[in-house]
Amino acid sequence: MCPTTSRISAVEWAELRRLRLLALEESPDAFLGDFATESALKPSAWKRRCNNEEWFAAELDGRNVGLGMLAKRHGPDKYLHIESMWVEPDHRTAGVGRALLERLESEAKRQGEEKIALWVFVGNTDAWQYYVKMGYEFVRDQDIKISVDRVTTEKEFQKGLR
Ligand SMILES: CC(C)(COP(=O)(O)OP(=O)(O)OC[C@H]1O[C@@H](n2cnc3c(N)ncnc32)[C@H](O)[C@@H]1OP(=O)(O)O)[C@@H](O)C(=O)NCCC(=O)NCCS
């Protein structure tokens, strides 16, 4: 079966919560958010996330097994970017991530974007090798503060959408 993707609407906030918390629990070092903080968010906060950010689920064999988000620009000179990509471990390398990326890229293109960006922690070698395979080009390394006393480096990648 081929994976399909769909936008998660505010009425489906509980499904976003389920997938996002699974991602934070399973891959704690891949994301800026953390399980303790996000598991304490109220339903209203999850509904807001569904409305303010574009979250997409990927379904395989009748079940959602992946998640990705098209995020707004960080600044006027920046591109829309991809965040929070995650696929259940049992369903990896089956094309679920590719289906999500293609959906996020086509949504960005539909909104008139010519490029899309994403950031990966430098230690997440699997993920950045994956994005290179998916046609993303390395742009730069930048430091990012992940807590009051911890700084790490993330790698920025971009892809043209023509
Ligand atoms: C990164 C991730 C989303 C990829 O999802 P996926 O569903 O496994 O990827 P796909 O099945 O779409 O892979 C597409 C292709 O890339 C290949 N690929 C998958 N992971 C790869 C890796 N780490 N390095 C190189 N190639 C990889 C697949 O084999 C497939 O190749 P093919 O087209 O020749 O068959 C998934 O591994 C994941 O959830 N990782 C943990 C969370 C994470 O690190 N997220 C990124 C945060 S920035």
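Here are three short exercises on this predicted model, each with a worked solution.

Residues are numbered from 1 along each chain as its sequence is written. Local features need pLDDT of at least 70 and side-chain atom pairs count only at pLDDT 80 or more, while totals for chains, interfaces and linings use all residues.

**Exercise 1.** Work out how helices α1 and α3 are oriented to each other.

Start with the elements: helices (H or I, at least four residues) and strands (E, at least two) are DSSP runs, numbered from the N terminus. Next, take the axes, lines fitted to C-alpha atoms over the stretch in contact, with angles from 0 to 180 degrees between N-to-C directions. Those of α1 (residues 13-26) and α3 (residues 43-52) come within 9 Å and cross at roughly 95 degrees. The two helices are therefore roughly perpendicular, a label that covers 65 to 115 degrees.

**Exercise 2.** Decide whether Ala58 is buried or exposed, and find its contacts.

First, locate Ala58 in strand β2 (residues 54-60). Then count: 28 other C-beta atoms lie within 10 Å, so Ala58 is buried (20 or more is buried, 12 or fewer exposed; C-beta atoms are placed from the backbone). Finally, leaving aside neighbours within four places in sequence, its contacts (C-beta atoms within 7 Å) include Pro3, Asn64 and Leu100.

**Exercise 3.** Describe the shell around the ligand.

Begin with the 19 residues around the ligand (C-beta atom within 6 Å of it): Ala30, Arg92, Gly97, Arg98 and Asp126 come nearest. Now look at the elements: β4 (81-87), α4 (96-110) and α5 (125-133) each give two or more residues. The largest share, five residues, comes from α5.

Conventions
Parallel < 35°, antiparallel > 145°, perpendicular 65-115°, else oblique. Nonpolar A, V, L, I, M, F, W, Y, C, P; charged D, E, K, R; others polar. Contact = placed C-beta atoms within 7 Å.
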